[in-house]
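Here is a short briefing to read alongside the structure below. It walks through some side-chain features worth finding in your viewer.

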Amino acid sequence: MISKLDSVLMTQRKFIFHYKNVRWARGRHETYLCFVVKRRTGPDSLSFDFGHLRNRSGCHVELLFLRHLGALCPGLWGSSVDGARLCYSVTWFCSWSPCSKCAQQLAHFLLQTPNLRLRIFVSRLYFCDEEDSQEREGLRQLKRAGVQISVMTYKDYFYCWQTFVARRKRSFKAWDDLHQNSVRLVRKLNRILQPCETEDLRDGFTLLGL
């Protein structure tokens with residue numbers, strides 16, 4: 001089922017320009033977000049929805065997605081016939097990682113919505129060069145809120161190409177340095193999230209009385 005938010009697939013040129021994981025991303029002032037929403041409708045069945053969004057009218061794309069959550073995840077705040085809360089699994093593929101303000105609001109929302117599980121794949125890291133940047137802390141806040149954050153690799157670009165792009169039978173072709181840039185960004189993201197993992201271990205030792 002294709003979301004009514006975006007029934008038109010991305011053009012090949014637009015996807016490659018905005019999702020290319022280049023080191024110096026000049027001219028890429030918009031953030032694109034490709035999403036997949038899944039809900040289990042029975043023991044052996046899932047409902048499936050997908051689409052893409054971009055920043056609009058000064059609203060960052062992450063918060064724009066939350067605005068449309070009621071349409072994408074019907075019953076998220078209600079319950080099914082047997083009284084159980086409906087659970088959703090959402091995956092984002094973002095051209096940029098969230099800014100600090102979006103990360104903070106998103107983490108707060110997710111802590112209040114335990115039946116929504118979010119995983120984020122990012123093509124590039126937004127303003128994360130400085131060790132003490134607010135954007136780095138925003139990513140750690142998301143991790144503490146239960147979000148799985150990963151850097152996009154070849155298989156993720158291939159999946160997006162197959163799912164969100166008007167490819168016209170054209171196969172995805174990796175650009176120069178795709179793999180090398182992914183490896184560099186994976187290492188950088190791991191360094192950013194490491195303090196968060198240390199805190200998780202410390203909390204675990206506290207619970208064990210160690």
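The charged end of R124 is placed over the ring of W96, at 4.2 Å from the centre of that ring. A second arrangement of this kind involves R28, which lies over the face of F17 at 4.1 Å from the ring centre. Please keep in mind that this is a predicted model.

**Aromatic pairs and a cluster**

- There are 19 aromatic pairs by the rule used here.
- One of them is Y157 with F172: the ring centres are 6.4 Å apart and the planes meet at 10°, under the 30 degrees cut-off, so this pair counts as stacked.
- The Y157–F172 pair brings together distant parts of the chain, 15 residues apart. Y157 belongs to helix 6 (residues 154-164), while F172 is in the loop between helix 6 and helix 7 (178-207).
- How buried are the two partners? Y157 has a relative accessible area of 0%, and F172 has 7%; both values are under 20%, so both residues count as buried.
- F172 also pairs with W175, where the ring centres are 5.8 Å apart and the planes are at 85°; that angle is over 60 degrees, so the pair is edge-to-face.
- W175 is buried too, at 10% relative accessibility.
- Y157, F172 and W175 belong to one aromatic cluster, together with F15, Y19, Y154, F158 and W161.

**The buried side of helix 1**

- Which residues of helix 1 (residues 12-19) are buried? They are Q12, F15, H18 and Y19.
- These four cover an arc of only 155° around the axis, so they lie on the same side of helix 1.
- As general background, an α-helix has 3.6 residues a turn, so residues three or four places apart point the same way.
- Two of these buried residues, F15 and Y19, are also members of the aromatic cluster described above.

**A buried acid without a salt bridge**

- E135 is found in helix 5 (residues 134-144).
- E135 is buried, yet it has no salt bridge.
- Where is the nearest side chain of opposite charge to E135? It belongs to K101, 8.9 Å away; a salt bridge would need the charged atoms within 4 Å, so K101 does not provide one.
- Leaving aside residues up to four places away in sequence, E135 touches P98, C99, S100, Y126, F127 and C128.

How values were computed
Residues numbered from 1 in each chain as written. Predicted model: local features only at pLDDT ≥ 70, side-chain atom pairs only at ≥ 80, totals over all residues. Heavy atoms only, no water. Buried < 20%, exposed > 50% of the residue type's maximum accessible area, 1.4 Å probe, protein only. Helix = DSSP H or I, 4+ residues; strand = E, 2+ residues; numbered from the N terminus. Arc of directions from axis to C-beta. Phe/Tyr/Trp six-rings, centres within 6.5 Å; stacked < 30°, edge-to-face > 60°. Lys NZ or Arg CZ within 6 Å of the ring centre and 35° of its normal. Lys, Arg positive; Asp, Glu negative; His and termini not counted. Contact = heavy atoms within 4.5 Å.
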